[in-house]
Each structure stands twice: as structure tokens, then as C-alpha cells.
Amino acid sequence: MNKVTKHIPLNVLDLVSISEGQTKSEAINQALEAAQLIDKLGFKRLWFAEHHNSKNLASMATSILIAQAAKVTEKIRVGSGGIMLPNHAPLQVAENFGTLAQLFPDRIDLGLGRAPGTDGRTAQLLTRSGGDPQSFANSILDLTGWFSDEGLAHSTPITSNVGTGTNIPMWVLGSSMNGASIAGQLGLPFSIASHFTPDNYREKIDLYRSTFKSTAPTAQIEEPYVMAGINVVVAPTDEEAQRIWTTTQMMLLDLQTGKQRLMQPPVNPEELGTEQERAFMESMFSVKAVGSPETVRKKLEEFTDQSGADELIVITYAYDPEDRKRSMKMLADLWF
């Protein structure tokens, strides 16, 4: 008898991509329409990323996007994937997310990362707290206090007021062995960025599990808990999905070469780049499920087994917003 893979919860990560010929306002409105769709389809979480100085992305003011998406949805949890903590004063994060939790009780997640989410020059304009492991841990300890019933940070008697008693679920986002270890030592759930840093992702998850400390003062869970990222495009046929996927591949090439342009329309895969460039794209985005419903179902089941993840978070770029919505509908049909 063949082993049956459990279909674990599926979540969506949105970077609010902007396609050629589309305005920023249109891209944001499309993201909110997609939020309503995935809420109805039964996805568990919708997270918005934080990126800066990117012409093709509109996910800069993460907490504002979360508020708008939560407002137009009913059941789905909405959160950050993530807030890049070095870019923010931790107290302001506590106040922003405390306010969100007051407006949308039991529906807000706070995913936290150490990376700047941008280039070094832009990061200098944003930096408000330290990105080294100890500063990151201290900031999370303060946030734990501000969200607690007592409402006081570890380092100061200052209160966030709106955050008090919300006990907002916090996650650590990571793409490295160091990030995995930090998540484990803090006793928090770990969201691994395997969708763009696939190398040794299983070893990173193993390290997180082995370093997990449920007794840490920041701990919110009793046992390790992992969400793993995977790129997904579903279409009626493998060939159509692969063509839609070329938009994502071109975005990666642009990032590699420093070219700033909006999301490009898909092309025939054989027209895309040199052999060396195609090999680079394959290595960077090797954790993916791109194809027909049957192809994607098998890929997701394989990744679930290989990663041992408790939840998956999918990333879907498409030049045409309708292709992305169709992918989400087909994904829900094949998985839920």
C-alpha cells in the first residue's frame, strides 16, 4: 500500500508584485482581491513580506497591508512574513501589531526577520535596531513583554498599552543555519525561506528542532513547529504553468543583474536566458511545484515528506493577476 501524505495547512506569502502596464494602486487592489479569494478557499494564513527599494514590489508598509487585508476578509489569519526587525523600533512594532490585534482579535501573526529586506544603502535609511543575533533576541524579549498580560518590556518599564494582553503569536523567519538556531533557542515557531534559499533546508530544520528550548523566556510553544516556503504555479497543463513561471524566473535574473523593472509577461521557456542563467535560476528556485494539478500535488506531497514541515507557505508570482487567482483556486481544489 502506498504511503498517504497528510495534507498539512497551506498559507500564502504575498509580496504585492507590480506587472508591466499596471499601476501601484492596481497591484495593491489586486492583492486585496486575492486576499478575499484565499480566505474563501480555506487557506490558513496570509502573510505580507517587507521589501524596500524594489520597483516591482509594493509590499513596503507591511502593517498597513495587513490591516487592509484583515478588514476585507473574515477567517484567515493575516500577518507579516515578515517584519524586518532591524528596520524598526521594537516599541513601534508592539504598538502597530497591538493595534492590529485589538482591531482583529485572534487573527494577527507577527513574523520577524533579521535581514533588511533591501540593499545596504536603503537599509541605512531604515535601521532602527540591531540586526545581530543578540540584539534581535533582546528585541523579541521586549516584544514578548509588551504583548504579555503585564505589558512591560524586559529592558524598560515602558508599556505599549495596545499590545498588553494580546499575546500575539510570533514566528522567527530564517534562511540560514544561524537563523534556524536563533528560532530554536527562542522557543518560537520557525518559518524557513526554502523558496529562495533551498540549500541544506533539511539540515536547517533539523538544527532548529535540536536547539529548540521550550523554557526560553520568549517561548510560546511547547514543541518545535515549522512552516516551509515553496514556489507554486498551478495551471491546467504543465506547459502552461511552465510558461507562467518564466515571469518569476525573469524577476530572479533581474535581481541578479541589478536590473530594475516591473514584472514581465511570460515567454516560452526555451527563450529564457543562457544555459548558465537557466542553471542559476533552477538552483535558486529549486523548491517549487509548477505544473498541472496532478504534478503540483505530487511535488507538494514530496516536499511535505522531505521537509517534515507542519505547514507550508506558498509564493506565486504571475504577470496576469487572473493567472495567480486561478492558480490559488486550483491549488485549493487539489489540496483541501
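**Group meeting: the largest cavity and Ser327**

Hi everyone, let's start with the lining of the largest cavity: β1 (10-14), α1 (24-41) and α11 each supply at least two of its residues. Among the contributors, α1 gives the most, with four residues. Before I go on, please keep in mind that this is a predicted model.

How much space lies in the largest cavity? About 210 Å³. Of the 19 residues that line the largest cavity, Asp14, Val16, Ser17, Gln30 and Arg324 are the closest to its centre. And how many cavities of 30 Å³ or more does the count come to? Just one.

What about the chemistry of that lining? Its residues divide into eleven nonpolar, five polar and three charged.

Now let me take you over to α11, and to one residue there. Ser327 lies in this helix, which covers residues 321-335. Is Ser327 buried or exposed? Its relative accessibility is 1%, so Ser327 counts as buried, the cut-off for that label being under 20%.

Which residues does Ser327 touch, if we leave out those up to four places away in sequence? They are Val232, Val233, Val234 and Thr316. I'd ask you to look at Val234 in particular on the screen. A polar atom of the Ser327 side chain lies 2.8 Å from the backbone nitrogen of Val234.

So, two things to look at in the model while we talk: the cavity lining, where α1 gives the most residues, and Ser327 in α11, with its side chain 2.8 Å from the backbone nitrogen of Val234, counted from a polar atom. Thanks for listening, everyone!

How values were computed: Residues are numbered from 1 along each chain as its sequence is written. This is a predicted model: local features need pLDDT of at least 70, side-chain atom pairs count only at pLDDT 80 or more; totals for chains, interfaces and linings use all residues. Side-chain values use heavy atoms; hydrogens and water are left out. Buried means under 20% relative accessible area, exposed over 50%, partly exposed in between (1.4 Å probe, protein chains only). A polar contact is a pair of N or O atoms within 3.5 Å; within protein, one must be able to donate a hydrogen and the other to accept it, and residues adjacent in sequence count only if both atoms are side-chain atoms. Contact means heavy atoms within 4.5 Å. On a 1 Å grid over the protein atoms alone, a cavity is a set of points where a 1.4 Å probe fits but cannot get out, and a pocket is an open set with protein on both sides within 12 Å along at least five of seven lines; lining residues have an atom within 4 Å of a point. Grid points are joined across faces, edges and corners, and a volume is the space filled by probe spheres set on the points. Ala, Val, Leu, Ile, Met, Phe, Trp, Tyr, Cys and Pro count as nonpolar, Asp, Glu, Lys and Arg as charged, and the others, Gly among them, as polar.
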